[in-house]
Amino acid sequence: MAELKSICVYCGSNAGTDSEYRDAAEKLGRAMAAADIRLVYGGGAVGLMGIIARTVMANGGKVTGIIPQFLKDREVMLREVTELQVTADMHERKRSMFEQSDAFVALPGGIGTLEEVVEMMTWAQLDQHKKPILIANINGFWDTLIALFQRMTDDGFLHKAFLGNHVDLPVHFCDTVEAIVPTLKKAVAGVPRPALEAAPPAGV
Ligand code: AMP
């Protein structure tokens, strides 16, 4: 049975207008530090990204920041992380974030967050990995995306089973931060460790 050792968190490089989003990033950061789960993230110092990384560090947890050179050059990088990896470009960064994580969470964010989590869903759909993906629907933020997934399912573009919230399926949804770590622990326990360590899809 595999153990949940790291979570890649995708979230806004802005903090959003509602304080609930900042609270969610802090709460998840505290929960990860308490459970000794390493945060893997985009390495930024700004927005919800900076909030969750600083919270994990402040609570004695471990953080791996993976940032492309051009963003590092723009001085938006958080320097006080446990480990900082600089990649040549965005593609290498996403691959590296994938390889170093046991599971993926999308907190509220913008198009960067959306693109990153949907890419992990695409690879799962193509059977290229078995790492669980969780959409954290804080304050109903992802309601319209979930409605779109439902429409895709109803209209025959997305397999019904994909959005089942079933422990054996890759995509999970929850409304509270408290549910994130327990849901992912349960989901990862069903995945053999070699499958979690499998190489990412060729050519990505
Ligand atoms: P967004 O949701 O559009 O704010 O983009 C956030 C996502 O894109 C993060 O998960 C990061 O991987 C990446 N990203 C966007 N802006 C930055 C930044 N300033 N520093 C580091 N990563 C960023």
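Helices (H or I, at least four residues) and strands (E, at least two) are DSSP runs, numbered from the N terminus. With that convention in place, the tour can start at Leu4, in the segment before strand S1. The model is a predicted one, in which local features need pLDDT of at least 70 and side-chain atom pairs count only at pLDDT 80 or more, while totals for chains, interfaces and linings use all residues. Residues are numbered from 1 along each chain as its sequence is written, and side-chain values use heavy atoms, with hydrogens and water left out.

**First stop: Leu4 and Val181**

Select Leu4. Is this residue buried or exposed? At 6% relative accessibility, Leu4 counts as buried; buried means under 20% relative accessible area, exposed over 50%, and partly exposed in between, with a 1.4 Å probe and protein chains only. Next, display its contacts, where contact means heavy atoms within 4.5 Å. Not counting residues up to four places away in sequence, Leu4 touches Ile37, Asp102, Ala103, Val181, Leu184, Lys185 and Val188. A distance drawn from Leu4 to Glu197 joins C-alpha atoms separated by 12 Å, although the two residues are 193 apart along the chain.

From Leu4, move to Val181, which is found in helix H7. Val181 is also buried, with a relative accessible area of 9%. Its partners, again without residues up to four places away in sequence, are Leu4, Leu28, Ala31, Met32, Ala35 and Ile37. For a longer line across the model, join Val181 to Lys94: these residues are 87 apart in sequence and 22 Å apart in space, C-alpha to C-alpha.

**Second stop: the nonpolar cores**

A nonpolar core is a set of buried Ala, Val, Leu, Ile, Met, Phe, Trp, Tyr and Cys residues joined through side-chain atoms within 4.5 Å. Which members of the largest core touch the most others? Of its 38 residues, they are Val9, Leu28, Leu39, Ile52, Val105, Leu107 and Ile180. The elements that give two or more residues to this core are strand S1 (6–10), H1, strand S2 (38–41), H2, strand S5 (103–106), strand S6 (133–136) and helix H7 (180–189).

Select Val105 to see this packing from one residue. Leaving aside neighbours within four places in sequence, Val105 is in contact with Ile7, Cys8, Val9, Tyr10, Leu28, Leu134, Ala136, Ile180 and Leu184. Apart from this core lies another, of 23 residues, among them Ile66, Met120, Trp142 and Leu158.

**Third stop: helices H1 and H2**

Show helix H1 (residues 19–34) and helix H2 (residues 47–58), whose axes come within 8 Å and cross at roughly 30°. Axes are lines fitted to C-alpha atoms, for helices over the stretch in contact, and angles run from 0 to 180 degrees between N-to-C directions. H1 and H2 are therefore roughly parallel to each other; angles under 35 degrees count as roughly parallel, over 145 as roughly antiparallel, 65 to 115 as roughly perpendicular and the rest as oblique. The contact is made by Tyr21, Arg22, Ala25, Glu26, Leu28, Gly29, Arg30 and Ala33 of H1 and Leu48, Ile51, Ile52, Thr55 and Val56 of H2.

Within H2, pick out Thr55. Thr55 is buried, with a relative accessible area of 10%. Leaving aside neighbours within four places in sequence, Thr55 is in contact with Glu26, Gly29 and Arg30.

**Fourth stop: helices H4 and H5**

Now show helix H4 (residues 90–99) and helix H5 (residues 111–125), whose axes come within 12 Å and cross at roughly 60°. Which residues make the contact? They are Arg93, Lys94 and Phe98 of H4 and Glu115, Glu116, Glu119, Met120 and Trp123 of H5.

**Last stop: three loop residues**

In the loop between H5 and S6, select His129. His129 is buried, with a relative accessible area of 6%. Apart from neighbours within four places in sequence, His129 is in contact with Phe98, Phe104, Met120, Trp123 and Ala124. His129 and Pro170 are 41 residues apart in sequence and 8.9 Å apart in space, C-alpha to C-alpha.

Asp127 has its place in the loop between H5 and S6. At 57% relative accessibility, Asp127 counts as exposed. Most residues other than glycine have a negative phi. Phi of Asp127, however, is positive, near 65°. Finally, go to Asp36, in the loop between H1 and S2: Asp36 has a positive phi of about 55° although it is not a glycine.
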